Amino acid sequence: MSDPETLLRDILAAFEAKDIERGLAMLAPDAVFIDPHYPQPEMRGRKAITRGMRWALGTLEKPGFNIRRTWTDGDTIVAEVDTHHVIRGPLEQKFSQVFVAEMRDAKITYLRSYVPYGPHGIGGTILALTRLAWRLRGRLG
């Protein structure tokens, strides 16, 4: 039986290797994958997840993940990850994210990415304008 940390490391390694079939083999048939970077942020079941993974790996030349820290509790893991993707072009994208994963019977049942981006919409606009005003006034480090 696989532990949550090994399973998360293995699915990220499959993604880095662009091996969709290996990654899908680690998912329960009814798995849920939530990631705001995808056209369909919430994917339920292998069909939707396969579509999302094919799209993502089609846009990336080289996916990259480095797990910084993990916390586990039973069948749940939280991982802080440095992400470094090379997108076709080539463009680089570097950001940190947190993954939360749950497993059952040595398969991932739930995988969610949380990213450190600010709020969207009017809240994001107000925040951006406030930061600009503070920067111009020398208040923001």
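Helices (H or I, at least four residues) and strands (E, at least two) are DSSP runs, numbered from the N terminus. The structure is a predicted model, in which local features need pLDDT of at least 70 and side-chain atom pairs count only at pLDDT 80 or more, while totals for chains, interfaces and linings use all residues. Residues are numbered from 1 along each chain as its sequence is written, and side-chain values use heavy atoms, with hydrogens and water left out.

**Exercise 1.** Place Leu-132 in its element and decide whether Leu-132 is buried or exposed, or in between.

Solution. Step one: Leu-132 sits in helix H4, residues 121-136. Step two: apply the cut-offs, where buried means under 20% relative accessible area, exposed over 50%, and partly exposed in between (1.4 Å probe, protein chains only). Step three: the relative accessibility of Leu-132 is 42%, so this residue counts as partly exposed.

**Exercise 2.** Describe the largest nonpolar core and the surroundings of Leu-111.

Solution. Step one: a nonpolar core is a set of buried Ala, Val, Leu, Ile, Met, Phe, Trp, Tyr and Cys residues joined through side-chain atoms within 4.5 Å. Step two: the largest such core has 30 residues, and those touching the most other members are Leu-8, Phe-15, Leu-27, Ile-49 and Leu-111. Step three: elements giving two or more residues to this core include helix H1 (4-16), helix H3 (45-59) and strand S7 (107-114). H1 supplies the largest share, six residues. Step four: with contact taken as heavy atoms within 4.5 Å, and residues up to four places away in sequence not counted, Leu-111 touches Leu-8, Val-32, Phe-33, Ile-34, Phe-99, Val-100 and Ala-101.

**Exercise 3.** Find which elements the salt bridge between Glu-21 and Arg-54 ties together.

Solution. Step one: a salt bridge is a side-chain nitrogen of Lys or Arg within 4 Å of a carboxyl oxygen of Asp or Glu. Step two: the closest N and O atoms of Glu-21 and Arg-54 are 3.8 Å apart. Step three: Glu-21 belongs to helix H2 and Arg-54 to helix H3, so the bridge ties together parts 33 residues apart in sequence. Both residues are exposed.

**Exercise 4.** Trace the salt-bridge network that contains Arg-68.

Solution. Step one: Asp-82 and Arg-68 form a salt bridge, with 2.8 Å between the closest N and O atoms. This pair links strand S5, holding Asp-82, to strand S4, holding Arg-68. Step two: Arg-69 and Glu-80 meet in a salt bridge at 2.2 Å, N to O. Step three: Glu-80 has 19% relative accessibility and therefore counts as buried, whereas Arg-69, at 42%, is partly exposed. Step four: the network links Arg-68, Arg-69, Glu-80 and Asp-82.
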